[in-house]
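Here is a friendly walk through one protein model, from its strands and sheets to its surface and a few backbone details. Have the structure open as you read.

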Amino acid sequence: MTDRKDLAGPEVPTGRETPTDGRDPKRGHAPRGRRDRKVRGRHTGAERPAALTLQETGRWIWTQLTSMRTALILLFLLALAAIPGAIVPQKPVNPTKVLDFRSANPGLSKVYDALGLFNVYTSPWFSAIYLLLFISLVGCILPRIRVYVRALRAEPPATPSRLDRLPESATSATARGADEALDAAAAVLRHKRFRVTRRDGSVAAERGYLREFGNLLFHLSMLVLLVGIAWSNLYGYKGTSIVVAGQGFSNNVTQYDDFTGGGLFRDRALLPFSLSLDAFTVRFETGPVQTGAARQFTADVTVTERPGATPRKEVLEVNHPLNINGTDVHLIAHGYAPVVTVTDGNGNVAFNGPVVFLPQDGNFTSTGAVKAPDARPEALGFQGFFLPTATVDARGPHSLFPDALVPELFLNAWAGPPKPENGTPQSVYTLDTTGMQQIKDANGTPVAVRLKEGEYVDLPDGRGRLTFIGWQRWAKLQVSASPGLPLTVGSVAAAIIGLMLSLFVRPRRIWARATVGEDGRTRVEVGGLDRADARTGLDGEVATVLAAMDDPGEDGPQPPADEGSPRTDVVPTTSGRTE
């Protein structure tokens, strides 16, 4: 019968006994720092690893996070997380497309809102991946920098005892003395920019430190790149504004049509500059090839950098932005603004000026709305098309050419009781017809207005008059500031340099030994190790050093013997170990 004590397993020390395995007799457990701590199971008596302490758990998590494998995984996840930002319309980039997507897909939009897909790059999950990658890169790079600094300050490794076991080696006999041969080897290695150390009858040389420097520079550049991008996203801003020729723009939040600032951006960071659009010149191709293609977009502007400063003339072109003290002004779009006058039923001018119409195709068939909310006794509104080169066919009204050759205005008219102003924002490009009715003629047909430059139309029942005076061009300006952009561009350039260094610098070690044999001749040995690829000229390096050491005689240089065959030209050793 089995004893109950045997079933319980070995006896567990109580702490009163003197342990024989290095335990602390007062504490009853292994000394602090031991990694092989074990406890016994409550019922089976089997040994199992002890639970990690909080400090050990934190160290394990840090080790996993700062491993190169984790950094690569996070980099892949960051690239994967950026895909929705390229597929789903982003609110900071194009809020209009986001609104259109919400209207077309109300159910899917709720899911996208919950996941933050309309604002991917500032979403919590994207920011978490970004931050973890940053921490992982820091944890990977700092230890490598310490190792690299120690390697720079250290001498080349000692000469191995068996040079013939290196990837490339050669031996020879020379009439020179040992010191003279080693001096020749050291001289030729220094000429090849090796770091050379002379010790114990041998020469040790190493070069290629820039390879690891290139690796570190590349990874540090990636780290700085993340800092630059984060800096721009947190403190930068971007906004757009449509400016009609003859009008101006001031760098104030209220002047923007849409504006997006970083999480730490404040309005006071906006530079107090202003500019006016003096003229906007557009030229299109009129020949038989690429008819209607854009040939010139030029905006003549007057810039005032700060209140009280002297204005200066500038020319703004596509892909040639203005830089005003670190703020970039880009020309990104253009179109037409018909100039109209609305006279109300009381004979007063309710609206007068240019109205921005938005192009819908390559020939600038443009849509827009003319609003006269102050007209009396009824508020008036018009919506429709401006056609720079107008025609009407089976497709309806549309433009045949992007330039204003035959400009015409096609509008529908609406009227309704005046609405109180409650501060609710409305789009300036569409007409809200809530509470309004379409104006009809005596036959009950809706009024459709078609006007050429200089023409006008009187609305039925004395509601007023609409006059098409002419047209102006408008330009859409994008104003942006990215304070981290110089850092980002510089880090990309540094990363390219680091990558080139890591690819083209050859880290090599060469050792040379000279010993005097019993016949009085000096036996020289040279061995080399390429730490990247031994097939790229290492044999030539070894042969050059051997030739410098050798005074060719009747023996001449001797190539290394095949592996496993005895060598008669090398002094045998018992170590057999190499670097």
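Strands β3 and β26 run antiparallel to each other and are joined by seven bridges; two strands are said to pair if DSSP finds at least two bridges between them. Within this pair, S169 has G527 of β26 as its bridge partner. Six of the seven residues of β3 are buried, so this strand is largely enclosed by the rest of the structure. Buried here means under 20% relative accessible area, exposed means over 50%, and partly exposed lies in between (1.4 Å probe, protein chains only).

Before going further, a word on what you are looking at. This is a predicted model, in which local features need pLDDT of at least 70 and side-chain atom pairs count only at pLDDT 80 or more, while totals for chains, interfaces and linings use all residues. Residues are numbered from 1 along each chain as its sequence is written, and side-chain values use heavy atoms, with hydrogens and water left out.

**The whole chain**

The chain holds 11 helices and 26 strands. Helices (H or I, at least four residues) and strands (E, at least two) are DSSP runs, numbered from the N terminus. Of its 579 residues, 38% count as buried. Among contacts with a separation of 6 or more, 63% are between residues 24 or more positions apart; a contact means heavy atoms within 4.5 Å. About 33500 Å² of the chain is exposed, and carbon and sulfur atoms supply 56% of that area. Accessible areas come from the Shrake-Rupley method with a 1.4 Å probe, and for residues only the protein chains shown count as cover.

**Two open sheets**

Where does the β3 and β26 pair belong? Both strands are part of an open, antiparallel sheet of five strands, in the order β3-β26-β25-β5-β4. Its edges are β3 (168-174) and β4 (195-199), each with a single partner strand, so one side of each has no neighbour in the sheet. From one strand to the next, the twist averages 15°. Helix α11 (residues 538-549) packs on this sheet and touches β3, β5, β25 (508-516) and β26 (522-530); the direction of α11 makes about 160° with that of β26. Such angles run from 0 to 180 degrees between N-to-C directions, and axes are lines fitted to C-alpha atoms, for helices over the stretch in contact. At the β4 edge, five bridges join β4 to the antiparallel strand β5 (residues 202-207), and V196 has A205 as its bridge partner there.

A four-strand open sheet, also antiparallel, has the order β7-β9-β10-β11. Here β7 (248-250) and β11 (312-317) stand at the edges with a single partner strand each, so one side of each lacks a neighbour in the sheet. Neighbouring strands of this sheet are turned by 30° against each other on average, direction ignored. Inside the sheet, 10 bridges join the antiparallel strands β9 and β10, and F284 stands opposite A294 in β10.

**Helix α3 and the nonpolar patch**

Which residues make up the nonpolar patch on the surface? They are I73, F76, L77, L80, I83 and I87, with about 590 Å² of accessible area together. Patches are made of residues with over 30% relative accessible area and no salt bridge, with like charges joined within 9 Å and nonpolar side chains (Val, Leu, Ile, Met, Phe, Trp, Tyr) within 5 Å. A salt bridge is a side-chain nitrogen of Lys or Arg within 4 Å of a carboxyl oxygen of Asp or Glu. Helices α3 and α4 (83-87) each supply at least two residues of the patch, and α3 gives the most, with four.

L77 of helix α3 is partly exposed, at a relative accessible area of 34%. T70 also lies in α3 (residues 68-81), but T70 is buried, at 17%. Leaving aside neighbours within four places in sequence, T70 is in contact with Q64, L65 and S136.

**Backbone details in the loops**

Most residues other than glycine have a negative phi, and most peptide bonds are trans. Two residues with positive phi are set side by side here:

| Residue | Phi | Loop | Relative accessibility |
|---|---|---|---|
| Q290 | near 55° | between β9 (274-284) and β10 (294-304) | 53%, exposed |
| N325 | near 55° | between β12 (322-324) and β13 (327-344) | 55%, exposed |

A cis peptide bond joins R376 and P377, with omega about 10°. P377 lies in the loop between β16 (366-372) and β17 (379-387).
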